[in-house]
Amino acid sequence: MATLRDQIAAWAQGEAFKPGVKRAPEQVVPPAPPTATLRPAPTVAPPQTPTTQAPARPLAKDLSPGYFATKIGLHKALLKRMDLAAAESLPEEQIRSQLAHMVDLLIEEGQLPVNEQEHRQLIIDLQNEVLGLGPLEPLLADHSISEIMVNGFDKVFVERKGRLELVGTRFNDNDHLMKVIDKIVSRVGRRVDESSPMADARLADGSRVNAIVPPVAIDGPALSIRRFEVIPLKMADLITKHALTAGMAELLAGFVKAKVNILISGGTGSGKTTLLNILSGYIPEGERIITIEDTAELQLQQSHVVRLETRTPNLEGTGEVTMRSLVKNSLRMRPDRIVLGEVRGSEVIDMLQAMNTGHDGSLTTVHANSPRDALSRLENLVGLGGVNLPVRALRQQISSGINVIVQASRLNDGSRKITSIHEITGMEGDVITTQEIFFFDRQGMNPDGSVKGCFKATGVRPQLAEKLITYGIVLNESLFDPTHPLDEQGLETQP
C-alpha cells in the first residue's frame with residue numbers, strides 16, 4: 001500500500017490517487033474481545049459545514065473496552081505514514097477524505113474486530129486528532145454550547161442556555177488531554193507544565209481558554225473554554241433575549257457616543273465581555289481605539305483598532321509584560337478611546353489617571369456583585385497596587401473618573417440580564433454618591449423555572465443627559481418615567 005506521504009505528493013502534482021501494492025501491516029494495538037464481527041468499511045461522507053447542533057457522539061460506555069487502545073495504535077500508525085509538511089499545503093477536505101481512506105486500510109490490514117459504529121467513530125476521531133483538537137472538535141462545532149469544561153480526561157461538561165450538562169466526550173487518558181492543552185497554549189506562545197501549571201490562551205475563533213494542570217490540579221488536568229458567537233452579538237440580540245429594554249439600550253448607546261466613562265460590573269459568566277464588545281460598537285468609526293487584555297478576545301468592528309495583550313514570563317522568569325505597563329504605554333499612542341478587557345490589579349491606578357486626564361469614553365469591566373461593591377473593589381485594587389492615597393483623595397479620583405456603572409448578572413435560570421444602571425453623581429463628605437436609573441425588579445419564579453420579573457425606571461433623569469445633548473443625542477423624557485407602560489418582560493409598549 002502506498003504511504004500517505006506518496007499519496008500527498010501525488011495530489012500536490014495534480015495526479016489522481018491510485019493505491020499501490022500492499023505492504024506488511026502496521027503494528028496496531030488490538031482491542032479487547034470483540035463486541036461484534038468485522039463488517040465492511042463504511043462509506044464516509046465528505047465533511048459538511050458545521051450546523052448549529054453537532055452530531056451526537058456515542059457515550060464512552062457504548063464503545064467497547066478496547067476502543068481507546070485501538071485508537072491510540074491507529075493514530076501512531078497513521079502518523080508514521082503521513083507527510084505532515086506536504087499536508088499543510090492541501091485543502092482540509094482533501095486531507096480528511098484521504099485520512100478516512102487510510103484508516104479503512106489500516107483497519108483492514110490489521111484485521112481489527114471493530115463494529116460499524118466504532119469504525120465510523122474511529123475515522124471521525126482520528127481526523128479530529130490530526131487536523132484539530134481531538135475530542136473537543138465536535139463540541140466546538142456546536143454553536144449552542146457557550147462553555148466547555150473538562151474535569152480530567154473522562155469527564156466533560158458543557159453549558160447550553162445557561163444550564164450545565166454532562167456529555168459523552170472523553171479523552172484517551174490524562175496524557176492525551178495534556179497534549180491537546182499544549183497544542184492550544186503553544187499556538188499563542190505560552191506554555192503549561194509543572195513549573196508553570198496555569199495558562200490563559202485563546203482559540204482561532206477568539207474563544208477564551210484557561211488550563212490548569214497537576215500538581216495544583218489534584219484530579220488531573222482541567223480545561224475551560226469560554227465560547228463566543230461566530231457572528232458577534234448586537235444590541236438587538238440582547239433586547240430579543242430580554243437582557244435589557246430598548247430604552248436602556250438607547251441610553252447606553254448614547255453614553256458611549258458622548259464619550260462617557262463606563263465600568264461594567266458583574267460576576268463570572270454574567271456577560272460582561274459580551275456587553276463590552278457590544279457597547280464598543282457604538283464608538284464612531286473615525287476614532288483611534290486601543291484595546292488592552294490579558295487574553296485577546298474582544299471583537300471590535302472598527303477599522304482603526306490597536307490590540308494589545310499581556311505576556312507571561314519566559315523560562316528564565318524574564319520578558320513579562322503586565323497590564324499596567326500596557327496601560328502606561330497606550331497613553332503614548334494617541335488613543336481616542338482606551339478599552340480594558342478587565343481591571344484586576346494595579347493597572348486600575350493608571351486607568352483612573354487616564355480617565356481623569358482627558359481620555360474620555362474609556363470602557364472596562366470588573367468582577368463585583370453590585371455597583372457599590374464595584375466601587376469598593378476599585379479601592380481595594382488601588383491598595384494592592386502599593387499606592388497609599390488618603391481615602392477621600394482616592395474616592396475623588398474614582399468619582400470623577402468613572403461616570404456610569406452597569407451591573408450584569410447571571411440569574412439562577414441561566415439567563416443574563418442588565419440588573420442595574422447607576423450614575424455616579426459626585427461626593428458627599430467621604431462617600432461616593434450614585435443614583436440608579438434603571439433596575440430589574442425580580443418577583444419570583446415562573447412554573448417553567450424561569451425568573452419572573454421586569455425592568456423598571458426609577459424616575460431619576462441622569463445628570464449626564466445634558467452632556468448627551470451637547471453631542472446631539474436627545475432622549476425621550478418618557479424613557480425615565482416609572483409609569484411608562486411595560487409588558488411582563490419589562491419591554492416598552494406603545495401607549
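## A small cavity, two cores and some backbone oddities

Val327, Ile338, Leu340, Met351, Ala354, Met355 and Ser362 line the largest cavity. A cavity here is a set of points on a 1 Å grid over the protein atoms alone where a 1.4 Å probe fits but cannot get out, and lining residues have an atom within 4 Å of a point. Its volume is about 30 Å³, taken as the space filled by probe spheres set on the points, with grid points joined across faces, edges and corners. Strand E10 (337-340) and helix H12 (347-355) are the elements that give two or more residues to this lining, and H12 gives the most, with three. Helices (H or I, at least four residues) and strands (E, at least two) are DSSP runs, numbered from the N terminus.

A word on the source: this is a predicted model, where local features need pLDDT of at least 70 and side-chain atom pairs count only at pLDDT 80 or more, while totals for chains, interfaces and linings use all residues. Residues are numbered from 1 along each chain as its sequence is written, and side-chain values use heavy atoms, with hydrogens and water left out.

Zooming out, the chain has 15 helices and 15 strands. Of its 495 residues, 49% are buried (under 20% relative accessible area; exposed is over 50% and partly exposed in between, with a 1.4 Å probe and protein chains only).

Now for the cores, meaning sets of buried Ala, Val, Leu, Ile, Met, Phe, Trp, Tyr and Cys residues joined through side-chain atoms within 4.5 Å. The largest nonpolar core has 42 residues, and Leu244, Phe255, Ile262, Val404, Ile418 and Phe438 touch the most other members. Among the elements that each supply at least two residues are helix H8 (235-240), helix H9 (246-257) and strand E7 (262-266). H9 gives the most, with six residues. A second, separate core of 30 residues includes Val327, Ala374, Leu375 and Ile398; Val327 also lines the cavity.

The backbone has a few quirks. Most residues other than glycine have a negative phi, and most peptide bonds are trans. Two residues with positive phi sit in loops:

| Residue | Phi | Loop | Relative accessibility |
|---|---|---|---|
| His242 | near 60° | between H8 and H9 | 24%, partly exposed |
| Lys259 | about 60° | between H9 and E7 | 19%, buried |

The other quirk is the peptide bond from Pro214 to Pro215, which is cis, with omega near 10°. Pro215 is found in the loop between strand E5 (208-212) and strand E6 (222-226).

Notes:
On a 1 Å grid over the protein atoms alone, a cavity is a set of points where a 1.4 Å probe fits but cannot get out, and a pocket is an open set with protein on both sides within 12 Å along at least five of seven lines; lining residues have an atom within 4 Å of a point.
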